[in-house]
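Dear colleague,

I am handing over the structure we spoke about, and below it I have set out what was found in it. Please have it open while you read.

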Amino acid sequence: MWTWFHRLGSPPHVYRIAARLTPWLAWPAAALIVIALYGGLVMAPADAQQGEGFRMLYVHAPSAWMSMFIYGNMAIAAAVGLIWRIKVAHAVAAASAPVGAWFTFAALATGSLWGKPMWGTWWVWDARLTSELILLFLYLGYMALRTSIEEPQRADRASAVLAVVGVVNLPIIHYSVYWWNTLHQGATITKLDKPSISGDMLWPLLVMIAGFTVYYAAVLCVRVRAEVIRRERNASWLREELAT
Amino acid sequence: MRPTGLLAAGALLYGRDLKLAFRRWEQVTQPVVFFLMVTTLFPLALSPDTAQLRQVAAGIVWVAALLSALLALEFMFRSDYEDGTLEQLVLSGQPLWWLAMVKAFAHWTVSGLPLVLVSPLVAASLSVPAEAQWTVLASLALGTGILSFLGAVGAALTLGVRRGSVLLSLLVLPLTMPALIFGARAVDMAIMGDSPRGPLLLLTAMLILSLSLGPFATSAGLKVSME
Amino acid sequence: MNVQTFLHMGGYGMYLWPAFCLTLFVLLFNIWSARRALKEARAAATRRLQMEDNRS
């Protein structure tokens, strides 16, 4: 019963099913995102307070969500690779990092673009934005550590330790920043909080998040294949696959 | 021959590290001088007005201390790694997490504690009132401790990386931001006359957390670097 | 609703559209980057295996 699970640790198996899965993930992702765009930009009614501007929520919030979700994935994969010494797990962690970092950047940039018309400045030390910024530092540090260690196995294991330490610290950092923000703002709500959100406004958001998640899975399939190849030495399955 | 007990091994390692540190006295004094100099930069950059300085004093003292402690961090395992002692420690049969904890503590004694001792001077230069000095000492004692135990993980992971000191700072700084938030807040509250108990208790909790979990991550990092 | 009003977005158009375009760019870039990584990994592995074949 668990063979499908065990096969997940086998590089050639993962290489092949990732290849097959990719279109099954990529096209639905595109469809979900297009539907969400239509729902968010055309169908959802304008917000009472923020007018049409609130629609930036539909790219900002999903990006922020993905940035955190991917970091969690990365840390779990890293831990699995570290504890059970599974190369595929390290490959998943390595593959996730750049995608997560880009989503973090998107969250910060869209947050900034949202903030400018709302509060007049390009950057606010809002709790969520500051927290995202620190998350970006964590991603960059992880990737920097990976590139600075030449030997691939050591790089995998060292960055895995860092990822686990990072994920344990993440809630602490998150709540410290929120606490820090409230005490300097007084009793106001978090600036980039969702407006009081009604049904027609909510569903495009959820569909977008779903779309981004499936998109991440699709991109991950492609990247994991590259990472698996890089970690494989002299394996006959590799010759077979490269010849096709 | 009885194998050396935990405490005995720990005491030996601690004593050795201290002795070695005092032989290279500059490594102890340089971060302190850096601390003093960085603090001086702020009045020069901002204004000598005491009222203004008092407003930002908490942040300045904390950031300067953090950066100074960070400077010393790369030396925690560096010389042991280079002369083979680290390998001996890993092979010694003593639990590596315990040795990592002792080394981090020794490192704090040699680089964090001097900063703490100098901090009242620095704080006074920024017009921090006398009643707040105890908070400065306490918060920095806790904060530099947190940095030593958390930083040890980074130091272990970046061993043998060429020019690893900048990378080390990049890795460790985000992890220390919560301590910075609460530590600076504690000093700020003390300056304003409120009780800093809340933030100080949180800092203590963070220290306990980094002290108890840090060494395990550090020993994992050491083993990876020694592969 | 005509195209003009749509683009104007109640005055927020100047910020909203760059935000969406930026996100779209990130999505497209990551697709391109991933595919390029796979291509390079395959090429590097092929080269490596060929070198080993030539040596043996």
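How many residues does the contact take from chain C, and how many from chain A? In this predicted model, the contact takes 24 residues from chain C and 29 residues from chain A. When the side of chain C that touches chain A is sorted by class, 17 residues are nonpolar, 5 are polar and 2 are charged. There are 2 pairs of chains in contact, and of these it is chains A and C that share the most contacts. Chain B and chain C, by contrast, are joined by no contact, and their closest C-alpha atoms lie 24 Å apart.

The contact between chain A and chain B draws on 19 residues of chain A and 18 residues of chain B. On the side of chain A that touches chain B, helix 5 (127-148) and helix 6 (152-185) each supply at least two residues, and helix 6 of chain A gives the most, with 11 residues. By class, that side of chain A has 13 nonpolar, 4 polar and 2 charged residues.

Turning to the chains themselves, chain C has 2 helices and 0 strands. Its C-alpha atoms fill a box of roughly 70 × 15 × 10 Å along the principal axes, and its radius of gyration is 22 Å, where a compact globule of 56 residues would have one near 10 Å. Of the 56 residues of chain C, 21% count as buried.

In chain A, helix 3 (residues 57-84) has 28 residues, which at 1.5 Å a residue should span 40 Å, and because its end C-alpha atoms are 40 Å apart, the expected and the computed span agree. Just after helix 3 of chain A comes A:R85, which takes a positive phi of about 50°.

In chain B, one residue that you may wish to look at is B:V136, which is placed in helix 7 (residues 133-157) of that chain. Is B:V136 buried or exposed? B:V136 has 28 C-beta neighbours inside 10 Å, and a residue is buried if 20 or more lie within that distance, so B:V136 counts as buried. Leaving aside its neighbours within four places in sequence, B:V136 is in contact with B:V61, B:S119, B:P120, B:A123, B:V128 and B:V187. B:V102, for its part, is 34 residues away from B:V136 along the chain, and the C-alpha atoms of the two are separated by 25 Å.

With best wishes

Conventions. Residues numbered from 1 in each chain as written. Chains lettered and ligands numbered in written order. Predicted model: local features only at pLDDT ≥ 70, side-chain atom pairs only at ≥ 80, totals over all residues. Contact = placed C-beta atoms within 7 Å. Helix = DSSP H or I, 4+ residues; strand = E, 2+ residues; numbered from the N terminus. Expected span 1.5 Å × (residues − 1). Rg over C-alpha atoms; globule rule 2.2 N^0.38 Å. Buried ≥ 20, exposed ≤ 12 C-beta atoms within 10 Å, placed from the backbone. Nonpolar A, V, L, I, M, F, W, Y, C, P; charged D, E, K, R; others polar.
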